[in-house]
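Student: Hey, I've got a structure to look at and I'm not sure where to start. Can we go through it together?

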Amino acid sequence: MQEIRGSMYDYPVYYELAYGTDWRAEFDFLESCFERYTGRTVRRLFEPACGTGRLIWQFSRVGYEVAGLDLNRKAVAYCNERFERAGLAAPAIVGDMSDFRLPRKYDAAFNTISSVRHLPSEQAARGHLQCMADCLAKGGLYMLGLHLTPRRPCYGDEEQWSSRRGNLGVLVRLVSRDIDLKGRNELVDATFDIYTPRRQFRIVEEMNFRTYTWPQMQRLLASEPRFEVVATHDFHYDIDDPIDIDEDSEDVVFVLRRR
Ligand SMILES: C[S@@+](CC[C@H](N)C(=O)[O-])C[C@H]1O[C@@H](n2cnc3c(N)ncnc32)[C@H](O)[C@@H]1O
């Protein structure tokens, strides 16, 4: 199979194929958070690192006012074109989630699948929380989901799934190759096998994710006192089953509320 070294984020059509069908559990959970964890009426939503708009598109379809921001121009263009095709205003802008300013305040925001771990430094992560606190109204929520590195990390972790739509198919394989706890970096080998009627090829990428142990995450959260942690959940996205986090926890969602 022909191999292309590149980033999956530069191929929004294939990114959507790989991730786009999987939105329902996050969507339902986020809506339940809006009802349970704030007294505000939630109408205006913001997603930092929105990518192709997988989630904001679904929220827009049921009447929320949405906005997104992403570093990747191709993902933003894809996201905006989908809205424009439906006769709606383009909701996404190109920007860095560690350093941005929005003209309006939002009722809630979310960032669900470890995207925050793309931020390469503590300074960037703190900048991100500050920007998020700036763009939320008082009582507004920020649901931040990420994989924490447990006390005894599982080296060589592997995840694989496939997805098909019409005559397009993708097989995704993510393998955690190295975890450098001192350097705070997890190296993940990602391959995306793409099947189209005319060609088959593989996108190969080395992805870097900043690591967060539970104590490191607590320090990060404490750096932005305008947020209080009102609940913690995991990637089962069960609103009736909050979890207690400890040093063995892995997939977690923090429900942060703007003071
Ligand atoms: C795993 S994707 C998630 C996309 C989307 N949130 C979703 O749930 O499908 C991670 C996204 O983070 C974006 N990203 C990485 N670093 C970023 C940064 N510093 N600022 C904004 N977006 C960033 C990438 O371009 C990519 O679209």
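Tutor: Sure, let's start with the overall picture and then look at the inside, the ligand and one residue. Keep in mind that this is a predicted model.

Student: Okay, how many helices and strands does the protein have?

Tutor: There are six helices and twelve strands in the protein. Its radius of gyration is 18 Å, close to the 18 Å that the globule rule gives for 259 residues, so the protein is as compact as a globular protein of that length.

Student: And what box do the C-alpha atoms fill?

Tutor: Along the principal axes, the C-alpha atoms take up a box of roughly 55 × 50 × 35 Å.

Student: Cool. Which domains does the assignment give?

Tutor: Domain 1 covers 8-149 + 212-258, and domain 2 covers 151-210. Their centres, taken over C-alpha atoms, are 21 Å apart. Where they touch, domain 1 supplies 15 residues and domain 2 supplies 16 residues. On the domain 1 side of that contact you'll find eight nonpolar, four polar and three charged residues.

Student: Let's go inside. What share of the residues is buried?

Tutor: Of the 259 residues, 34% count as buried. In soluble globular proteins, nonpolar side chains tend to be buried together. Here the largest nonpolar core has 44 residues, and L45, A109, Y142 and M143 have the most contacts inside it. Strand β6 (residues 136-147) gives the largest share of this core, six residues.

Student: Which residues is M143 in contact with, leaving aside its neighbours within four places in sequence?

Tutor: With those set aside, M143 is in contact with L30, C33, F110, T112, V253 and V255. Apart from the largest core lies another one of ten residues, including Y11, Y14, Y15 and F192.

Student: New topic: which residues come nearest to the ligand?

Tutor: There are 19 residues around the ligand, and A49, G51, N72, M97 and H118 come nearest. By class, the shell divides into ten nonpolar, six polar and three charged residues.

Student: One more. Is V170 buried or exposed?

Tutor: V170 is buried, because 24 other C-beta atoms lie within 10 Å and 20 or more is the cut-off for buried. You'll find V170 in strand β8 (residues 168-180).

Student: And what does V170 touch, not counting residues up to four places away in sequence?

Tutor: Its partners are Y14, L17, A18, S162, S163, F192, D193 and I194. Of these, Y14 and F192 are among the residues of the ten-residue core.

Technical notes
Residues are numbered from 1 along each chain as its sequence is written. This is a predicted model: local features need pLDDT of at least 70, side-chain atom pairs count only at pLDDT 80 or more; totals for chains, interfaces and linings use all residues. A residue is near a molecule or strand if its C-beta atom, placed from the backbone, lies within 6 Å of it. Ala, Val, Leu, Ile, Met, Phe, Trp, Tyr, Cys and Pro count as nonpolar, Asp, Glu, Lys and Arg as charged, and the others, Gly among them, as polar. Helices (H or I, at least four residues) and strands (E, at least two) are DSSP runs, numbered from the N terminus. The radius of gyration is taken over C-alpha atoms; the globule rule is 2.2 Å times the number of residues to the power 0.38. A residue is buried if 20 or more other C-beta atoms lie within 10 Å of its own, exposed if 12 or fewer, and partly exposed in between; C-beta atoms are placed from the backbone. Domain bounds come from an automatic or database domain assignment. Two residues are in contact if their C-beta atoms, placed from the backbone, lie within 7 Å. A nonpolar core is a set of buried Ala, Val, Leu, Ile, Met, Phe, Trp, Tyr and Cys residues joined through C-beta atoms within 7 Å.
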